[in-house]
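Student: Could you walk me through one part of this protein up close? I'd like to look at the charged side chains that pair up, and at how buried or exposed they are.

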Amino acid sequence: MNFTSDPVLRKIALEAAQQVTTDTGRIHQDELLDALCERLAPRKELLGLVIKKAGQAMMRDLGERHSPRRNRTPNGFYHPKSIMKLGNGIWVWMKDSTFTDMTEWGRISSRNFVRTATAEAHKQEYVSSRIDAYRENPHCTRLAPLEETVFGFRQDSFDDLGFDSDTA
């Protein structure tokens, strides 16, 4: 499920993250949440966007908490209050699912597994190559110089992420 984010909210989030970042580059989520709330509270004109974001977060939480899970019950996956995500913004209570729903849910689950496994394989390959590079370049104590000197990183635009390059 993809949700559109308003650039104003993205900018507020980025600025708050920069504000709470420690000198070692760490961001503590509790501090980030406090900084976000502090920045959002006086911005009454953003109330509609913030309420929509909260609603989206609540919807995601509902879907995750009620997603069928193996061994949740003695009957395996089934629980009548579980929710099956069928794609295209459609969910169905498990108790009301049909043959077609079950088929679609299984297809989506398989596709998601392949995507997740592929993404994880790429991430582990990336991590492994960087760990090797850290060992071979002990003078690099942080990732930025390692990426620049060993892997030839060049700064690209953050447009696809909704970042303003001046604030990133």
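**A close look at the salt bridges**

Tutor: Sure, let's start in a helix. The side chains of Asp 61 and Arg 65 come together in a salt bridge, with 3.1 Å from N to O. Keep in mind as we go that this is a predicted model. Why can these two reach each other? Asp 61 and Arg 65 sit four residues apart in helix H3 (residues 47-65), so about one helical turn separates them. Now check how much of each partner is open to the outside. Asp 61 has a relative accessible area of 37%, so it counts as partly exposed. Arg 65 has 58%, which makes it exposed, because the cut-off for that label is over 50%.

Next, jump to a pair that is set up in another way. Glu 147 and Arg 130 also meet through their side chains in a salt bridge, 2.8 Å from N to O. This pair ties together distant parts of the chain: Glu 147 belongs to helix H5 (residues 143-149) and Arg 130 to helix H4 (residues 99-136), with their positions 17 residues apart. Are these two buried or exposed? Glu 147 has a relative accessibility of 12%, so it's buried. Arg 130 comes out at 14%, so it's buried as well. Both labels follow because buried means under 20%.

Now look at Arg 43, which forms a salt bridge with Glu 45. Their closest N and O atoms are 2.6 Å apart. Arg 43 is partly exposed at 31% relative accessibility, while Glu 45 is exposed at 56%.

Salt bridges don't have to stop at two partners, either. Find Lys 11, Glu 15 and Arg 39: these residues are linked in a network of salt bridges. How many salt bridges does the structure hold? The count is 10, and the pairs we've just visited are among them.

While you're in there, you might wonder about links between cysteines. How many disulfides does a search of the whole structure find? It finds zero. You can still look up the cysteines Cys 37 and Cys 140 for practice with the accessibility labels. Cys 37 is partly exposed, at 44% relative accessibility, whereas Cys 140 is buried, with a relative accessible area of 5%.

So, if you want to retrace the tour, go from Asp 61 and Arg 65 in helix H3 to the buried Glu 147 and its buried partner Arg 130, and then on to Arg 43 with Glu 45.

Methods. Residues are numbered from 1 along each chain as its sequence is written. This is a predicted model: local features need pLDDT of at least 70, side-chain atom pairs count only at pLDDT 80 or more; totals for chains, interfaces and linings use all residues. Side-chain values use heavy atoms; hydrogens and water are left out. A salt bridge is a side-chain nitrogen of Lys or Arg within 4 Å of a carboxyl oxygen of Asp or Glu. Buried means under 20% relative accessible area, exposed over 50%, partly exposed in between (1.4 Å probe, protein chains only). Helices (H or I, at least four residues) and strands (E, at least two) are DSSP runs, numbered from the N terminus. A disulfide is a pair of cysteine sulfur atoms within 2.5 Å.
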